Amino acid sequence: VSFAQETKSEISPATETPVLQMTDSDAVGQTVLHTFTPRQFVVLQRLCDLIAPSASDTPGAKEAGAAAFLDFLLGVSPEDRVSLYRAGLGQLDAEAQHRFKRGFDEITAAQADELLAPLRSAFVYRLTPGTLAAFLSTAKQDILTATFNSREYISVVSRRRRSAGGSGLYWEKVD
């Protein structure tokens with residue numbers, strides 16, 4: 001019996017490390033709502049998509065999962081902030097139902113533009129708390145921050161910038 005035959009017979013398939021197929025949990029897992037009702041979450045998703053839509057080569061809020069992140073973040077936020085979101089999402093949906101006889105997630109972009117008109121008004125340092133304008137202003141800032149800081153957005157933008165040759169700033173030796 002040769003050494004190769006001895007070694008081969010001593011190693012059993014049970015001692016080999018199995019190869020496991022891996023996937024990102026975000027790709028297969030279901031979002032567990034922490035803060036919003038399912039209806040509020042649908043309205044938030046539509047609002048996110050309207051405020052930060054995807055471009056041809058850049059992911060938007062939908063692809064970045066901004067709504068799910070905000071649901072998670074608001075779950076650990078002060079109650080007044082949570083109340084602002086719940087009331088604002090409810091008000092958006094009720095206003096869409098009142099004006100267009102459909103939920104906010106079902107109206108057209110032009111109809112949604114009418115409801116989001118407070119975002120086009122002149123900047124006001126302090127908005128009246130509890131108003132739709134105050135909610136939309138806060139939500140817009142949060143949605144853009146969540147989108148632009150997401151893994152999906154950063155990975156696309158950083159690849160694009162690196163492939164473009166960098167920022168053009170280089171260290172040079174100073175004599």
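Biologist: Which helix is Gln40 found in?

Modeller: Gln40 sits in helix α3, residues 38-51. Helices here are DSSP runs of H or I with at least four residues, numbered from the N terminus. Mind that this is a predicted model, where local features need pLDDT of at least 70, side-chain atom pairs count only at pLDDT 80 or more, and totals for chains, interfaces and linings use all residues. Residues are numbered from 1 along each chain as its sequence is written, and side-chain values use heavy atoms, with hydrogens and water left out.

Biologist: Why is Gln40 called buried?

Modeller: Buried means under 20% relative accessible area, exposed means over 50%, and partly exposed is in between (1.4 Å probe, protein chains only). Gln40 comes in at 15%, so it is buried.

Biologist: What does Gln40 touch, not counting residues up to four places away in sequence?

Modeller: Thr35, Arg86 and Leu89. Contact means heavy atoms within 4.5 Å.

Biologist: How do you know that the span of α3 agrees with its 14 residues?

Modeller: The expected span is 1.5 Å times one less than the number of residues. For α3 that should give 20 Å, and the end C-alpha atoms are 20 Å apart, so the two agree.

Biologist: What do the buried residues of α3 pack against?

Modeller: They pack against α4 (61-64), α5 (66-74), α6 (79-100), α7 (109-115) and α8 (132-148). Among those buried residues are Phe41, Leu44 and Leu47.

Biologist: Which members of the largest nonpolar core touch the most other members?

Modeller: Of its 31 residues, those are Leu47, Leu92, Phe104, Phe135 and Ile143. The largest share, 7 residues, comes from α6. Such a core is a set of buried Ala, Val, Leu, Ile, Met, Phe, Trp, Tyr and Cys residues joined through side-chain atoms within 4.5 Å.

Biologist: What about Asp71 in α5: how far away is the nearest side chain of opposite charge?

Modeller: That side chain is Arg86, 7.3 Å away, and buried Asp71 has no salt bridge. A salt bridge needs a side-chain nitrogen of Lys or Arg within 4 Å of a carboxyl oxygen of Asp or Glu. Lys and Arg count as positive, Asp and Glu as negative; His and the chain ends are not counted. The Asp71 side chain does reach the backbone nitrogen of Phe36 at 3.0 Å.

Biologist: And Leu119, in the loop between α7 and α8: what makes Leu119 partly exposed?

Modeller: Its relative accessible area is 26%, so Leu119 is partly exposed. Leaving aside neighbours within four places in sequence, Leu119 is in contact with Ile51, Leu136, Ser137 and Lys140.

Technical notes. Helix = DSSP H or I, 4+ residues; strand = E, 2+ residues; numbered from the N terminus. Polar contact = N/O pair within 3.5 Å; in protein donor to acceptor, adjacent residues only side chain to side chain.
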